[in-house]
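Here's a walk through one protein model, from its surface and overall build down to a few oddities in the backbone. Have the structure open alongside as you read.

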Amino acid sequence: MPAYHTGSFDPPAPVGVASFVNLGNERQIDNVPMLLDTGADVSFVPESVRQAVEAEKQETAYEIEYLEGRTPSLLASVYLQMKWQGLKFTGSYLVTTASYGVIGRNILNRLVLVLDGPSQQWEIR
């Protein structure tokens, strides 16, 4: 079971490492940290990933509201394939300015995810 990430998150959080591929040009980036967020409706990738694989922003942008009460943000989306835990998820990902991505319920709801908070470990079954 992978351990929760303690360096960038307080409290520690479940973080996986994924690869992303732009299927249009086959450019790939590896070792992208992805927060496993059961409270996020959708999944996000950092802008640095979009740039590294030279993914074009799609025409439609999406308004996202955060729990902190900030005004909604308008985020672009990109079409990519994520490789994670031996699985592939192809579709639209919203682009964020954060240094890490987010795997939200649009992907997590397809899996059995075990979050062991007391042991600070997680696993996909």
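## Surface, build and backbone quirks

The accessible surface of the protein comes to about 7,300 Å², and carbon and sulfur atoms own 46% of that; these areas come from the Shrake-Rupley method with a 1.4 Å probe, and for residues only the protein chains shown count as cover. Keep in mind that this is a predicted model, where local features need pLDDT of at least 70, side-chain atom pairs count only at pLDDT 80 or more, and totals for chains, interfaces and linings use all residues. Residues are numbered from 1 along each chain as its sequence is written, and side-chain values use heavy atoms, with hydrogens and water left out.

What about the overall build? The protein has 2 helices and 10 strands, taken as DSSP runs (H or I of at least four residues for helices, E of at least two for strands) and numbered from the N terminus. Read from the N terminus on, the order is β-β-β-α-β-β-β-β-β-α-β-β. The C-alpha trace spans about 45 × 35 × 25 Å along its principal axes. A compact globule of 125 residues would have a radius of gyration near 14 Å, and the protein has 14 Å, so the two agree; the radius is taken over C-alpha atoms, and the globule rule is 2.2 Å times the number of residues to the power 0.38.

Of the 125 residues, 38% count as buried, where buried means under 20% relative accessible area, exposed over 50%, and partly exposed in between (1.4 Å probe, protein chains only). Contact here means heavy atoms within 4.5 Å. Among contacts with a separation of 6 or more, 53% link residues 24 or more positions apart.

Now for the inside. The largest nonpolar core has 22 residues, and those with the most contacts inside it are Phe-20, Val-45, Leu-80, Met-82, Trp-84, Tyr-93 and Ile-103. Two or more residues each come from strand 1 (15-21), strand 2 (28-36), strand 6 (77-84), strand 7 (87-96) and helix 2 (105-108). Strand 6 gives the largest share, 4 residues. A nonpolar core, by the way, is a set of buried Ala, Val, Leu, Ile, Met, Phe, Trp, Tyr and Cys residues joined through side-chain atoms within 4.5 Å.

Which residues does Met-82 contact, leaving aside its neighbours within four places in sequence? They are Ala-18, Ser-19, Phe-20, Met-34, Leu-87, Lys-88, Phe-89, Tyr-93, Ile-103 and Ile-107. Apart from the largest core lies another one, of 10 residues, including Ala-40, Phe-44, Leu-94 and Val-102.

Ala-61 sits in the loop between helix 1 (47-52) and strand 4 (62-64). Neighbours within four places aside, Ala-61 is in contact with Leu-74, Leu-75 and Ala-76. Its C-alpha atom is 6.2 Å from that of Leu-74, 13 residues apart along the chain.

On to the backbone oddities. Most residues other than glycine have a negative phi, and most peptide bonds are trans. The bond from Asp-10 to Pro-11 is cis, with omega near 10°, and Pro-11 lies in the segment before strand 1. Two non-glycine residues with positive phi are Asn-31 and Gln-120:

| Residue | Phi | Place | Relative accessible area |
|---|---|---|---|
| Asn-31 | near 60° | strand 2 | 64%, exposed |
| Gln-120 | near 50° | loop between strand 9 (113-116) and strand 10 (121-124) | 32%, partly exposed |
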